[in-house]
Amino acid sequence: MSRVAGAARDLAALVKLSHSVFALPFALVSLLAATAGRPSLRLLLGVLGAVVAARTAAMAYNRLADRRIDAANPRTAGRELPRGAVSPRAAMLLVVVASAAFLGCCAALSPLCLWLGLPTLGWLLAYSHVKRFSALCHLWLGVALGLAPVAAWVAADGAFGPRLVAPIVLGLGVACWVAGFDVLYACQDEDFDRANGLRSLPVRLGARGAMLVARGLHVAAFAGFVAFGRMVPLGPGWLGGLVAAGGLLVWQHRLLRPGDLRRIDMAFFTANGIIAILLFAAGCLDLFVLAPLPPS
């Protein structure tokens, strides 16, 4: 039993389940806004399952595709695949199972969701190879996570229509937010990536230039979050969440300097995890307490 539990812990660590906090809250905010806070249980469970399964498949595939790169990089050599805690075969099995679970959730939601799920899964898995040929890999990752609120709204409406503009704006905000903090995170590997022919904005622009781009992306992200709140519309709860999120965005940039990335974990996971949870809580406060939306 302990062996099975240990294997499960290694697989969970491989895909970093805790990082679901980046996409899932925005998918749920979008779903709740689309349904005036009253999604059916089937819809709610379908969206939850699809987001977690898609992210699991993408992360497991990323670790599998990067296992040799990770083994050569001192920062990542202790990850589960390079040190042998998880075998490539087990990682590939997880990719297949999670991909099947994602498509199964999409099929349970609607035929449209299933058809859209196929190219979505392709985009998610393809991200693992983008840094081999483009410094825009951070934006690719941002779009991958930014698809979550759009997909959740489509699942709720079951069709394309003018209402989809709001979640697209939110998705663009999420894409810029994720791309921005991924640029900051990539500054850790600037020298390694350059020496090994990998592409990133820190490699192309240097840490200082990349950090300036990250700031611009986070300004755009904040604008997207503001616009979404006005379009839905959300009220004072969302406004309060935006003030706190804006402060956290500024704080994470103040934590880092070119050549001084000692607080990268605080800037990357702590600040951004709190931002996602705060905005989810702020949306729920408006939807359920302060200014309930009329039925859609």
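This is a guided tour of selections to make in the viewer, stop by stop. The model is predicted, and every value quoted below is computed from its coordinates.

**Stop one: two backbone features**

Begin with the backbone at Val232 and Pro233, where the peptide bond joining the two residues is cis, with omega near -5 degrees. Pro233 belongs to the loop that runs between helix H10 (201-231) and helix H11 (236-255). Then move to Ala36, which has a positive phi of about 55 degrees although it is not a glycine; this residue sits in the loop between helix H2 (24-34) and helix H3 (41-65). Both selections are worth a look because most residues other than glycine have a negative phi, and most peptide bonds are trans. Ala36 has a relative accessible area of 5%, so it counts as buried.

**Stop two: the aromatic rings**

Next, display the side chains of Phe, Tyr and Trp, among which the count comes to 11 aromatic pairs. Select Phe22 and Phe181 for a detailed view: their rings form a tilted pair, 5.0 Å centre to centre, with 45 degrees between the planes. Because Phe22 lies in the loop between helix H1 (2-15) and H2 while Phe181 lies in helix H8 (residues 165-186), the pair ties together parts that are 159 residues apart in sequence. Phe22 and Phe181 are both buried. Now widen the selection to Phe22, Phe26, Trp177, Phe181, Tyr185, Phe225, Phe268 and Phe269, which ring pairs link into a cluster.

**Stop three: the salt bridges**

Turn now to the charged side chains, where the structure holds nine salt bridges. One of them joins Lys131 and Asp66, whose closest N and O atoms are 2.8 Å apart. This pair links distant parts of the chain, with Lys131 in the loop between helix H6 (111-130) and helix H7 (137-157) and Asp66 in the loop between H3 and helix H4 (67-72), 65 residues apart. Which of these two partners counts as buried and which as partly exposed? Lys131, at 21% relative accessibility, is partly exposed, whereas Asp66, at 3%, is buried.

Continue with Arg79 and Asp70, which form a salt bridge with their closest N and O atoms 3.3 Å apart. Arg79 has a relative accessible area of 18% and is therefore buried, since the limit for that class is under 20%; Asp70, at 5% relative accessibility, is buried as well.

A further selection is Glu80 with Arg83, whose side chains meet in a salt bridge at 3.7 Å, N to O. Glu80 counts as buried at 11% relative accessibility, while Arg83 counts as partly exposed at 48%. Returning to the residues selected earlier, add Arg132 to Asp66 and Lys131, and you have a network joined by salt bridges that share partners.

**Stop four: the surface patches**

Switch to a surface representation and select Arg215, Arg254, Arg257 and Arg263, which form a positive surface patch. Of this group, Arg254 is located in helix H11, and its relative accessible area of 60% makes it exposed.

Then select Leu285, Phe288, Val289 and Leu290, which make a nonpolar surface patch of about 370 Å². Leu285 is in helix H12 (residues 264-290) and is partly exposed, with a relative accessible area of 37%.

**Stop five: two distances to check**

To finish, use the viewer's distance tool between C-alpha atoms. Asp265 is a residue of helix H12 and counts as exposed at 52% relative accessibility; from Asp265 to Phe225 the C-alpha atoms are 24 Å apart in space, with the two residues 40 apart in sequence. Phe225 was selected before, as one of the residues in the aromatic cluster.

Leu248 is found in helix H11 and counts as buried at 14% relative accessibility. How many ångströms apart in space are Leu248 and Asn272, C-alpha to C-alpha? The distance between them is 7.7 Å, for residues that are 24 apart in sequence.

Definitions and conventions:
Residues are numbered from 1 along each chain as its sequence is written. This is a predicted model: local features need pLDDT of at least 70, side-chain atom pairs count only at pLDDT 80 or more; totals for chains, interfaces and linings use all residues. Side-chain values use heavy atoms; hydrogens and water are left out. Helices (H or I, at least four residues) and strands (E, at least two) are DSSP runs, numbered from the N terminus. Buried means under 20% relative accessible area, exposed over 50%, partly exposed in between (1.4 Å probe, protein chains only). Patches are made of residues with over 30% relative accessible area and no salt bridge: like charges are joined within 9 Å, nonpolar side chains (Val, Leu, Ile, Met, Phe, Trp, Tyr) within 5 Å. Accessible areas come from the Shrake-Rupley method with a 1.4 Å probe; for residues, only the protein chains shown count as cover. A salt bridge is a side-chain nitrogen of Lys or Arg within 4 Å of a carboxyl oxygen of Asp or Glu. Lys and Arg count as positive and Asp and Glu as negative; His and the chain ends are not counted. The place of a charge is taken as NZ of Lys, CZ of Arg, CG of Asp or CD of Glu. Rings of Phe, Tyr and Trp (its six-membered ring) pair if their centres lie within 6.5 Å; planes under 30 degrees apart count as stacked, over 60 as edge-to-face and the rest as tilted.
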